[in-house]
Each structure stands twice: as C-alpha cells, then as structure tokens.
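Reader: Hello! Could you take a close look at the side-chain pairings in this protein for me, ring against ring and charge against charge? I would love one connected account that I can follow with the structure open beside me.

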Amino acid sequence: MRSFEELGVCEEIRKAIEELGFVQPMPVQEAVIPYLLGNENDVIALAQTGTGKTAAFGIPLLERIDTSRRETQALVLSPTRELCLQITDDLRDFAKYMDGIHVEAVYGGAAIEPQMRALKKGVEIIVATPGRLVDLMHRGYARLDYVSNIVLDEADEMLNMGFSDSINEIFESLSVDHHTLMFSATMSKEVERVAKKYLNNYQEIVVGSRNEGAENVNHIYYMVNAKDKYLALKRIVDYYPRIFAIIFCRTKVETQEIADKLIKDGYNAESLHGDLSQQQRDLTMQKFRNHLTQLLVATDVAARGLDVDDLTHVINFGLPDDIENYTHRSGRTGRAGKKGTSISIVHSREKFKIRNIEKEIGKEFVKAEIPSAEEICKKQLYKVMDQIVKTDVDDEEIAPFMQDINRYFEYIDKEELIKKIVSLEFGKFLAYYAEAPEIEEVKPDKKEKKPQSDKQKLQNKAQKGYRRLFINLGKRDGFYPGELMQTLNRFVGGRQEVGHIDLLDTISYFEVPEKDAKKVMIQLSGIRYKGRTVRCNDADEGGKPSEGRSAKSGSKPKHPQKDDWRGLMERAQRGFKGPEPDFSEEGWAMRKPRKKKK
C-alpha cells in the first residue's frame, strides 16, 4: 500500500489529513487520487458509502484550485442537506493549511440570504444540493462560467430522488471544457444515462465489485407473518443488548408509528422523517451521532448523509422496492474495516425480493430463527453481569459512605445481594418474556414463488377480511406508499387502514378492509393527481372502471355516485386539508351527470 506522499498529495494537505488521523490511504483513495491528479478525462467511481470517498475526490479537487482567482472553480453536488454540510466540513479540514481557498455550502431548508451574501463575496468551491443551486443560479448569485471540475456524490441516490431536471440544467450552464467525476454506490440505468449524455471519454473505477453491498456486512433475514413484524423487531433488538442501529421503514407514517411504539415500550429510540422540521432533524441526528439515541427509526430519504462509523446493525422493517435502496441501507454499517449486520424482517410475499437482491449484490442472505424468550433473557443477563464486573469503582469517592452501606447490607448474604442487584436491572425482561406473545412460525411454501408479472398480480387474492383494489398510478407518477396513505387520508377521511401494497411502474394495487372498499373506490375515482385523472376499482376487474366510470381517463361517468362530489364540497367547506378538489370545468364535467338522450 502506498502512502499519501507517494500518491502525489501536496505537503499542506498531508499535514492536515495527518492531524485528522489519516495514516494510510483507503482503497478508493488509492485508486482515485493518483488518477485524478495525473489525468484529465472524466471518471465514474463505483464505491460504497463510508469508504473514504470525500477524501478521494476532495483532495484532487483542492489541488486543482488556482488561488490567484476568486471565481468558483469547483462544484460538488450532493442529494441531501446533511451530506452537503458534511462534505463542506471535510473539505475545509483538508484545506486547513492552504491559503485562499473558500468552501461554501448551499442547500435547501435554510435561509437563502446568508448563502447569497457568501457567494457574492466569492468562493472557489461550492458544495450544493441541486434544487437550491438552481435557485441561486436563477437569482444570479451562483455563476458557473469558470467551473472546471464538477463532482456528483451519491449520483444514483440524487437521480432516484428526482433531481434529474436540476442536474440537467446545471450541466447545461457549465463551460465546454469542464471535467466530471461521478461517485455512485451502484451503476443504475439513470447513472449510465447521465454518463453517456454529459461525460466525455470517461474512465470507470470500481472499488470492490459492481453493485455489491459492503464486504464487511452480513445479510440476515427473518420470515414472519405481517401481524408479527413489530413483535419480531422487539425480540431482535432485545437479542442484541449493545445494538446501535438504524431501523428503516418504507413510509413516514410507518416510521413515526414504529418509533412511538418503541418509545412507549421503554426503548431508547427516535424517529427521523420528512415531516419533522429541519431543527428537529438536526437535533435528532446530533443525538444519534453522539450515541444518546440507540435506535433511529428513519425513512430512506431522511437518513441520507447520516454517516455513523460504528453502527452495529441496519434493520429493514420490510424490504425497499428498489435494490439500490437496499444497497444504500446495508452500506451504512460495516465501515472502516468493522463488521456489520443488515437484518431484514420480511413476510412470505417478500421472499422473491431476497432472491433478487442476492443476485444483484452477489452475496447470500442467511435465514435466521426468531430468538426465543430463553435466548434473549440469557443475553440480557450476561450484559447485566458484564456491566457489574466492569464497573470502575472510585474508592476515594465512595469511602465516606461505605460504613453506612456495610451496616445496611450486613444481614444480607452475598448470594441474596447478587440476586437483588441483577433482578433490579434484569427484572423487566423476565417479567415481559414470562408472558410474551408467541410469534407464529411461517410455514415454507412447497415451491418458492417467482416474481409475478402485472397480469399475474391482477389475480392475487387479498388477505382474509380485506379487498384488493387497483389504482392507475405507479412509481413513474411519484406514487409511493407515503403518497398513497396521504391521498387516502385526504380524500377518504380519517386514518384509512391499509394492508399489502404492490407498486408497479404505471399502476398499483393495495388492500383495504372489506367494509371500506366501496367507499375508497368512490372517493378516489375521478380525483386529480399531478394532472392525471384517477381510476380506482376492484383488482379482480383487471383495471376496468368501477361503479360505472368509463375506462377512458377524463370521460364522464355513466352512473355517477351522487354523494361523491357533494362529499368533497362539504369537506372543503369544513376546512379540507390537502390538495384542492378540481372545481374546473373539466373537473366538474367528470362529476356532473349526463343528460339522458330522448
């Protein structure tokens, strides 16, 4: 392994990084730094989060800055505010002994005026989130005419989050002779599309294997019934007494519900999702980084940029729809040469996702059994005993109290005293697991089911007591579980109970209690979602319009439901929350009854 000096890093940066504890280059740094310092062509670097990427692109970026000029010469794009701030801090640390280099972070969720003032003074490097940078470009404060180097960090996630248009606009504003470096955990189709469009004669540098999870991460899954997922989560957390983990959930609603349950049950947990204010999110992440919070329950987007080196576990409370998201989740543990574990709690319908992820990352999942009450109690008992034995005693500090202590315990023998001390710390686990509800074993299918086609999914039967509905919105419409729940709560009213959800590219299926099915179909059919007219009906009808609505989007219903339009009007008058109902001529035409032909 070569040293940073052998890689060609200048003395000023070497002095700064040595103070930060950089001894030897990490693999990604050894591969990227000398190439960027010695070559002028563009680069795509495939490396997992937490592998030292910031130094890999940051050090060459700083070396290329001409300090005699005050124009912006380098630009770093990141998907989230948190990652943007982290990169900025790192670059400033690397440039500690370099004169004339100013690094400024610009990001959404904060006042824009201070950022405008900073850019007006002149900065050599801008670290930005795409949306805020475009805003500052339109206002004339972010000028990219002299940018010669642009870095896209976590490019795959940035594109997954819908920043494609902003990124396109930023690239169009750059000079022709700029150089581009893209860092990505996976080589997704979107990343390839951007590379082909904007990169010239690029070199692909792969650290590890393409699209694989972190090498130091073990992948485990527990198969349970959907109703037992939370009980399984509690047992898993209890089985690892020193766990320090992020628990990933699919939606903001589910994230808050799981966090609330854990807190109520006495766990040191907090939630992190998009509905929290920026101040709340910053405080939550600071507490987690400082180990004041043991379990962070988060959505994928909210946890972006939250880099914690000593995370012991990542727990997937259900698998994500995209394999790239699983890669990002699992890559948050097993960093800096340490071992980590990615745990997935899945139900039988998600079994095929496990197989798909295994093929993509080239690593095998281990199926584990839910820990028994006896196993958990033993683990917790050993933790308590270990804590007692390893507790440091300050003899001088406790000496004045020893006479009273000895007098108080003189009639209690050693064995009885030990029992009382252990029971004080351990008693709650014994009490809970003495009457803990059993988790039913999931019986394996005789034949493992393969992923189903859209046509096959039409024929799926809902779980008992539920009805499976079709809706003509999918991932391409930005329609994910969170958007489905919000739409139901806005248009159906109250907190609508929902069972299993299947999201496809252009359509989706979801389950609601049998008693609510007709109401949900009536209230959703005909509303507008991002300019599209929504159809919702029984999935068994194969996407045919329900309750007499025509299959053609935007056409008039043959047999309108009289209370449908009236209900929306009444809710609007009561202070209806959410998107306004469509009262336009087109919207009204969809609701008003046709005149009967004579």
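Author: Happy to help; what follows starts with the whole chain, then goes to the rings and ends with the charges.

Please keep in mind that this is a predicted model, in which local features need pLDDT of at least 70, side-chain atom pairs count only at pLDDT 80 or more, and totals for chains, interfaces and linings use all residues. Residues are numbered from 1 along each chain as its sequence is written, and side-chain values use heavy atoms, with hydrogens and water left out.

The protein has 22 helices and 20 strands; these are DSSP runs numbered from the N terminus, with helices being H or I of at least four residues and strands being E of at least two. Of its 598 residues, 49% count as buried. Buried means under 20% relative accessible area, exposed means over 50%, and partly exposed is in between (1.4 Å probe, protein chains only). The protein exposes about 30800 Å², and carbon and sulfur atoms supply 48% of that area; accessible areas come from the Shrake-Rupley method with a 1.4 Å probe, and for residues only the protein chains shown count as cover. Among contacts (heavy atoms within 4.5 Å) between residues at least 6 apart in sequence, 75% join residues at least 24 apart.

Helix 3, residues 53-63, is a good place to see burial: 10 of its 11 residues are buried, so this helix is largely enclosed by the rest of the structure. Among those buried residues are Lys53, Phe57, Pro60 and Leu62.

Now to the rings. A pair of aromatic rings is described by the distance of the centres and the angle of the planes. Here, rings of Phe, Tyr and Trp (its six-membered ring) pair if their centres lie within 6.5 Å; planes under 30 degrees apart count as stacked, over 60 as edge-to-face and the rest as tilted. A search of the whole structure finds 11 aromatic pairs. One of them joins Phe4 and Phe22 in a tilted arrangement, 6.2 Å centre to centre with 55° between the planes. Phe4 lies in the segment before helix 1 (11-19) and Phe22 in the loop between helix 1 and helix 2 (27-38), so this pair ties together parts that are 18 residues apart in sequence. Phe4 counts as buried at 5% relative accessibility, whereas Phe22 counts as partly exposed at 24%. Another pair, Tyr239 with Tyr240, is edge-to-face, at 5.2 Å centre to centre and 80° between the planes. As for clusters, Phe4, Phe22 and Phe94 form one.

Tyr239 also has a charged partner: Lys379 lies over the face of its ring, at 4.6 Å from the ring centre. Tyr239 is partly exposed, with a relative accessible area of 21%. Likewise, Lys261 lies over the face of Tyr230, at 5.2 Å from the ring centre. A charge sits over a ring if NZ of Lys or CZ of Arg is within 6 Å of the ring centre and within 35 degrees of the ring normal.

That leaves the charge pairs. Side chains of opposite charge can pair when their charged atoms come close. A salt bridge is a side-chain nitrogen of Lys or Arg within 4 Å of a carboxyl oxygen of Asp or Glu, and a search of the whole structure finds 25 of them. In one, the side chains of Glu104 and Arg92 meet at 3.8 Å, N to O. This pair links strand 3 (residues 103-106), which holds Glu104, to helix 4 (residues 81-94), which holds Arg92, 12 residues apart. Arg92 counts as partly exposed at 40% relative accessibility.

Glu270 and Lys287 form another salt bridge, at 2.3 Å, N to O. Glu270 lies in strand 10 (residues 269-272) and Lys287 in helix 12 (residues 278-289), so the pair ties together parts 17 residues apart in sequence. Glu270 counts as buried at 19%, while Lys287 is partly exposed at 28%.

Arg467 and Asp538 also form a salt bridge, with their closest N and O atoms 2.6 Å apart. Arg467 is in strand 15 (residues 466-471) and Asp538 in strand 20 (residues 536-538), so this pair ties together parts 71 residues apart in sequence. Arg467 is partly exposed at 23%, and Asp538 counts as buried at 8%. Finally, Arg242, Asp386 and Lys390 are linked in a network of salt bridges.
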